[in-house]
Amino acid sequence: MYSGPGALVAVGYMDPGNWSTSITGGQNFEYLLMSVILISSLIAMLLQYMAAKLGIVSQMDLAQAIRARTSKTLGIVLWILTEFAIMATDIAEVIGAAIALYLLFHIPLVYAVFITVFDVLLLLLLTKVGFRKIEAIVVCLILVILFVFVYEVALSEPNFAAMFKGLIPTGQTFSGTDHVNGDTPLTGALGIIGATVMPHNLYLHSAISQTRKVDHNDQEDVARTVRFSTWDSNIQLSFAFVINSLLLIMGVAVFKTGAVKDPSFFGLFDALSNTSMLSNGILIAVAKSGILSILFAVALLASGQNSTITGTLTGQVIMEGFIHMKMPLWLRRLVTRLISVIPVLICVAMTSGQSPIRQHEALNTLMNNSQVFLAFALPFSMLPLLMMTDNSKEMGERFKNTLWVKVLGWFSVLALTFLNMKGLPDNIASFFGDNPSASQLTLAHTIAYVIIVAIVLLLIWTIYDLYQSRNKMPQRFETTAEHYDESAND
């Protein structure tokens, strides 16, 4: 009865933005960064537990809860910031889906980008079939992705001893001095963390956790819902951990060490059909049939469509929560997607006369750079979530965070915020290409530090507003979850 919402949340932890970071991490550092994927997944489980609990107990999603406790001006600022983060995520989905269409059906990229706009028709259909069926479709797509990577990694015969050893973090895991192909373990770890923990998942989970029938006058029923929702989330996030681990293992075991010079989706697709890049005879024999590269493109398309569904639901939650504006899902999707395709179309048009490799690199750079916005928005979802679930006035004595959840929660929030801010100068520098000049590096670092100061000041404003309203009981608004006509009990 309670299974399903966790799958929608887990999708965000295995979207196209995760793929190149995990595979490149495996190529450069073998199994060293397995521990980073594990730590990120455990932190994700903790944050998603708190998000689901907030929704179930308070009957408000995270966006509504933040808006009810902050000033109107701050609420609008946080809404705009979060919208940018969702659009940044959508850019990765557009690029992933368009490239998958190009690789599978040889549709020119410009046309493939336009075709991604019409997934709004898919959303229109899904809104008619019921929320439980949406969950079932998402689970099926996750299983497609899981099957593809289990199959490809199983053929590669990975080193299991080294794999399990990599799950234990060491001093080398976050080293900033051991350079491999221009990267250090620290930059690889920051890339994986940045692509894994995303702010929109916390808003989504706090809303869809309310799609199950709960008797809020019965604390035992509320406690049961929290418990089973947590199990659902943790099981589905375990699948996400496995898929991200398989992506990293692909980088180590499927390809020869250092063979993948182009970590873009184009480069990975070509590498899976290039026998000179593959690591053993079984893979080489299978690759000659073209099945490895075709399965990779199918999984990429499934990942893009999954992220499309959850991204639209999240956009609706945020719009209604922060500014109380209702919009049909299909219209919301259409507006977001039309805005997101603009930078992709510009990128494709600007490189249309250049070599295919240059086009591929430009799209990959755009996708990676779009993830920078996620670093801005993440603290503004994590910190309010932690403060509100720590509050007995909000959650009641029974459901407020226990001591160990509070300690681990604050450690996770502070660590993720610090790591995101630490990686920001390099992320800004990447906008200037692979070999920025000294003046460009100086400018990038200046911009990054100005942004960091702005984020810190905005965080202080957010904390102040939340602290001032800690003893007030906010007005409850209709939740996005209540729009759906089907519950688990039906």
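This dialogue walks through a helix pair, a covered helix and a single residue in a predicted model.

Reader: At what angle do helix α3 and helix α19 pack, and how far apart are their axes?

Author: Helix α3, which spans residues 34-58, packs against helix α19, residues 379-389, at an angle of about 60°, and their axes lie 10 Å apart. That angle makes α3 oblique to α19, and the crossing of the two helices is left-handed.

Reader: Which residues of α3 and α19 meet?

Author: A general point helps here: an α-helix has 3.6 residues a turn, so residues three or four places apart point the same way. In this structure, Leu 47, Met 50, Ala 51, Lys 53 and Leu 54 of α3 meet Met 382, Leu 385, Leu 386, Met 388 and Thr 389 of α19. The residues of this contact divide into eight nonpolar, one polar and one charged.

Reader: How many residues of helix α4 are buried?

Author: A residue counts as buried when its relative accessible area is under 20%. Helix α4, residues 62-69, is mostly covered, with seven of its eight residues buried, and among them are Gln 64, Arg 67 and Arg 69 as well as Leu 62 and Ile 66. At the start of α4, a side-chain oxygen of Asp 61 comes to within 3.0 Å of the backbone nitrogen of Ala 63.

Reader: Is Ser 156 buried or exposed?

Author: Ser 156 belongs to helix α8, which covers residues 131-156, and because its relative accessible area is 4%, Ser 156 is buried. Leaving aside residues up to four places away in sequence, Ser 156 touches Ala 253, Val 254, Asn 280 and Leu 283.

Methods: Residues numbered from 1 in each chain as written. Predicted model: local features only at pLDDT ≥ 70, side-chain atom pairs only at ≥ 80, totals over all residues. Heavy atoms only, no water. Helix = DSSP H or I, 4+ residues; strand = E, 2+ residues; numbered from the N terminus. Buried < 20%, exposed > 50% of the residue type's maximum accessible area, 1.4 Å probe, protein only. Contact = heavy atoms within 4.5 Å. Polar contact = N/O pair within 3.5 Å; in protein donor to acceptor, adjacent residues only side chain to side chain. Axes fitted to C-alpha atoms, helices over the stretch in contact; angles between N-to-C directions. Parallel < 35°, antiparallel > 145°, perpendicular 65-115°, else oblique. Left-handed = near helix turned anticlockwise from the far one by under 90°. Nonpolar A, V, L, I, M, F, W, Y, C, P; charged D, E, K, R; others polar.
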